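Please work through the following exercises with the sequence and the structure at hand. Each task is followed by a solution in steps.

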Amino acid sequence: MKRTIITALLVLAGAIGVQAQTAKTTVAESKPQTASSAKAAEIKFDTLTHDFGTFSEKDPIVKCAFEFTNVGTAPLIIHQAIASCGCTVPTYTKDPIKPGERGTIEVTYNGQGKFPGKFRKTITVRSNSKDTAVTRLSIEGTMTEAK
């Protein structure tokens, strides 16, 4: 009896696995390939780094903006912007950026409760850009001790 139940469960698990693989292949094959498409978005940042310089621990929150242009021929979509730690928060538009238009990723660094000194953080930007689907931005600076 136990063998029959175990055998039935293994057959069922195998069938589900095959079905999942078949469905995954069908979805992957139906997606358009952006790299080979005639129309594609392309992101171009004005700068990839920002140096805050030196600032005091008394005023530990600093902000900057990374501006970019869609130099492609299709709407550009920023899928996500993720910082390397919780002290850095990027915000960006969720709306598609039309060809030729500009967009901004605003970054806030909060050094409150952090040790004074030099820091460097990265922001990973994922988009539908044809050549650079992943772009890394960086911020750096030196927070001095409050006296």
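**Exercise 1: A loop residue**

Glu57 has a relative accessible area of 27%, so this residue counts as partly exposed. The model in which it is examined is a predicted one.

Task. Determine where Glu57 lies and which residues it touches, leaving aside those up to four places away in sequence.

Solution.
1. Glu57 is found in the loop between E2 and E3.
2. Leaving aside residues up to four places away in sequence, Glu57 touches Lys114, Pro116, Met143, Thr144, Glu145 and Ala146.
3. One of these contacts, Pro116, is 59 residues from Glu57 in sequence, yet their C-alpha atoms are 6.9 Å apart.

**Exercise 2: The chain as a whole**

Task. State how many helices and strands the chain has and in what pattern they follow one another.

Solution.
1. The chain contains one helix and eight strands.
2. Along the sequence, these elements give the pattern α-β-β-β-β-β-β-β-β.
3. Of the chain's 147 residues, 29% are buried.
4. The accessible surface amounts to about 9,700 Å², and carbon and sulfur atoms account for 57% of that area.
5. When contacts between residues at least 6 apart in sequence are considered, 67% of them join residues at least 24 apart.

**Exercise 3: The open sheet**

Task. Establish the strand order of the four-stranded open sheet and identify which strands form its edges.

Solution.
1. The order of the four strands is E1-E3-E6-E5, with antiparallel pairing.
2. Strand E1 (43-45) and strand E5 (88-92) each pair on one side only, and they are the edge strands.
3. On average, neighbouring strands in this sheet are turned by 30° against each other, direction ignored.
4. At the E1 edge, three bridges connect E1 to the antiparallel strand E3 (residues 61-70).
5. Within this pairing, Lys44 has Thr69 of E3 as its bridge partner.

**Exercise 4: The nonpolar core**

Task. Describe the largest nonpolar core and decide which strand gives the most to it.

Solution.
1. The largest nonpolar core comprises 25 residues. Those with the most contacts inside it are Phe52, Phe68, Ile105, Tyr109, Ile123 and Ile139.
2. At least two residues of this core come from each of E1, strand E2 (49-56), E3, strand E4 (78-83), strand E6 (102-110), strand E7 (117-127) and strand E8 (134-144).
3. The greatest contribution is that of E3, with four residues.
4. Ile139 may be followed individually: apart from residues up to four places away in sequence, its contacts include His50, Phe52, Cys64, Phe66, Val107, Tyr109, Phe119 and Ile123.
5. Cys64, one of the residues that Ile139 touches, is buried because its relative accessibility is 9%, under the 20% limit.

**Exercise 5: The disulfide**

Task. Identify which cysteines form the disulfide, assign its handedness, and classify each partner as buried or partly exposed.

Solution.
1. The structure has one disulfide. In general terms, such a link is a covalent bond between the sulfur atoms of two cysteines.
2. Here the partners are Cys85 and Cys87, whose sulfur atoms are 2.5 Å apart.
3. The torsion about the S-S bond of Cys85 and Cys87 is about -50°, and therefore the disulfide is left-handed.
4. Cys85 has a relative accessibility of 24% and so counts as partly exposed.
5. Cys87 has a relative accessible area of 6% and is therefore buried.

Technical notes. Residues are numbered from 1 along each chain as its sequence is written. This is a predicted model: local features need pLDDT of at least 70, side-chain atom pairs count only at pLDDT 80 or more; totals for chains, interfaces and linings use all residues. Side-chain values use heavy atoms; hydrogens and water are left out. Buried means under 20% relative accessible area, exposed over 50%, partly exposed in between (1.4 Å probe, protein chains only). Contact means heavy atoms within 4.5 Å. Accessible areas come from the Shrake-Rupley method with a 1.4 Å probe; for residues, only the protein chains shown count as cover. Two strands pair if DSSP finds at least two bridges between them. Axes are lines fitted to C-alpha atoms, for helices over the stretch in contact, and angles run from 0 to 180 degrees between N-to-C directions. A nonpolar core is a set of buried Ala, Val, Leu, Ile, Met, Phe, Trp, Tyr and Cys residues joined through side-chain atoms within 4.5 Å. A disulfide is a pair of cysteine sulfur atoms within 2.5 Å.
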